[in-house]
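Biologist: I'd like a close look at one part of this protein, and I'm happy to hear how the rest fits around it. Could you walk me through it in plain terms?

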Amino acid sequence: MKVSAFILSAVLLVFISAPALASGEGSDYRAEMTFTLRTAVAEGKLVYIGQGGEIDGKINPTLAVPENTLVQINMLNGDGALHDVVAEAFDARSDRVSGQGSSSVMIFRTGKAGEFFYWCSVPGHRAAGMQGRIVVGEPRAEAGAKSLDLTHSPMGLPPAIGGRDAGHVNVNLETTEKVGHLADGTRYKFWTFNDQIPGPFVRVRQGDRVTVKLHNDKTSTMIHSVDFHAVTGPGGGAEVTQVAPGKTESFTFRALKPGLYVYHCATPMVAHHITNGMYGLILVEPPGGLPEVDKEFYVMQGELYTAESHGQRGELSFSLEKMLDEQPEYYIFNGATDALTQTHRMEAKVGETVRIFFGVGGPNATSSFHVIGEIFDRVYHEGSLSSEPLKDVQTTTVAPGGATMVEFEVDYPGRYLLVDHALSRMERGLAGFLHVSGEPDHDIFEPHD
Ligand SMILES: [Cu+2]
């Protein structure tokens, strides 16, 4: 049965008279399931937000419904722009309405089990984020399957070096190849250092002698290696660490220069090993250490070249052609599209100083690193710690295989977005949240009702 949509005077009304029904069967009916979606702007996108029940407060909620069920979707216009809601798979469509508080509705009957979409058909709105899923019947096994979390917490940093003398440091790395979570319902076979993307944050002092032991897990299918940009020597260590599965290689270097450096796997095809997740940062602190701050975070950007287009579910595969053409499908902070928006929560309080160690694994895309609603007080450009920092910077350029250290005081509460200001990449997964709590200072910012 196909039913066209129509406006209801009251959106909570689920009892509808016959003339509105295209099929004309029966004099009235009750929808067996009703959902209410409110349109809004959230996380820099246009979205639907669930109202009531299990979907309450969820952004673009997945609507789970049984087979062969009459479903009603109420749309409340929460932002005032022109919107509708459509589900082509069921030939269902609401009227378009604008103006805050206006509403419309669509009704359809589900058929057999499957996964379908609802979205806003006003040009550009679906691409801007107004899309969710309708899952009919039992969800597919893979939709519910929990995949391995390989993301690195931005809070996972070793303590500061402080005032200690130069000494000897051991760094143990293990290369692995594992299928991990990439996005909601989407997995990818990553290659990692220590089961994390990025790899561990290595923290040493200028003058330290550092022994790197690289073990390649016996289940690996590839040779791996490590090139530290902080190393002076052949291949940054890569020449002597090409290590076969099940084997271990090692070398020792002296950390000659302070700075924030990238390390990565350097086994051919190097770009392939990097895109798959084999990158991390090593910080070489100057004697006396870095100035104290309240919060330190570790964030790295990378891009993935999947054969499947962005948004496809299941386990995705690598596309050599897309990588050589530099046409990524996904951009990720810390190993997944939701690592810094859902999995890990970056927090600070008003008045605290925040330091972000930010690196680009890449392998190819330069980042225009920016925090929406903040100004970097200090940028240690190119990761140089022996140069004077730049002051009062909006956006800073970070090369692939490069890094930066930024510092700023948080002055006003809210949720601040970490982005690459090449903002198309946000639509391909690149975003992070910094949650700032505390009292608002209305001298700094004052909303008017
Ligand atoms: Cu590798």
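Which residue takes a positive phi in the hairpin of S3 and S4, and how many residues lie between the strands?

Modeller: Keep in mind that this is a predicted model. The residue you want is glutamate 43, with a positive phi near 55°, and the hairpin has two residues between its strands. For background, most residues other than glycine have a negative phi.

Now the two arms of that hairpin. Strand S3 covers residues 33-42 and runs antiparallel to S4, with seven bridges joining the pair. If you want a spot to look at, find leucine 37, which stands opposite glycine 50 in S4.

Zoom out a little and the hairpin turns out to be part of an open sheet of four strands, in the order S4-S3-S6-S9, with mixed pairing. Strand S4 (45-51) and strand S9 (103-109) stand at the edges; each has a single partner strand, so one side of each has no neighbour in the sheet. From one strand to the next, the twist averages 25°. Over at the S9 end, strand S6 (residues 70-76) pairs with S9 in the antiparallel sense, again over seven bridges. Methionine 75 is the residue that stands opposite serine 104 in S9. As a general point, side chains in a regular strand alternate between the two faces of the sheet.

How does this sit in the whole chain? The protein is divided into domain 1 (5-139) and domain 2 (144-449), and the C-alpha centres of the two domains lie 39 Å apart. On confidence, the mean pLDDT of the chain is 91, and 92% of its residues reach 70 or more. The start is another matter: over residues 1-28 the pLDDT is below 50, and the stretch has 46 contacts in the model beyond near neighbours in sequence.

As for nonpolar cores, the largest has 75 residues, and Tyr261, Leu281, Ile282, Val299 and Phe357 are those with the most contacts inside it. Apart from it lies another core, of 25 residues, and Leu46, Val71, Met106 and Phe108 are among them. Back in the largest core, take isoleucine 282: leaving aside its neighbours within four places in sequence, its contacts are Val202, Val204, Phe228, Ala230, Tyr261 and Tyr263.

Your question was about a positive phi, and glutamate 43 has company. Glutamate 326 has a positive phi of about 55° although it is not a glycine, and it is found in the loop between helix H3 (320-324) and strand S22 (330-333). Asparagine 334 has a positive phi too, near 50°, and lies in the loop between S22 and helix H4 (339-343). Their surroundings read like this: glutamate 326 counts as partly exposed because it has 13 C-beta neighbours inside 10 Å, whereas asparagine 334 is buried, with 25 other C-beta atoms within 10 Å.

While we're on backbone oddities, most peptide bonds are trans. A cis peptide bond joins isoleucine 197 and proline 198, with omega about -5°; proline 198 lies in the loop between strand S13 (186-193) and strand S14 (202-205). Another cis peptide bond joins proline 268 and methionine 269, where omega is about -10°. You'll find methionine 269 in the loop between strand S18 (259-264) and helix H2 (270-275).

Note on methods: Residues numbered from 1 in each chain as written. Predicted model: local features only at pLDDT ≥ 70, side-chain atom pairs only at ≥ 80, totals over all residues. Domains from an automatic or database assignment. pLDDT = per-residue confidence, 0-100. Contact = placed C-beta atoms within 7 Å. Core = buried A, V, L, I, M, F, W, Y, C linked by C-beta atoms within 7 Å. Buried ≥ 20, exposed ≤ 12 C-beta atoms within 10 Å, placed from the backbone. Pairing = 2+ DSSP bridges. Axes fitted to C-alpha atoms, helices over the stretch in contact; angles between N-to-C directions.
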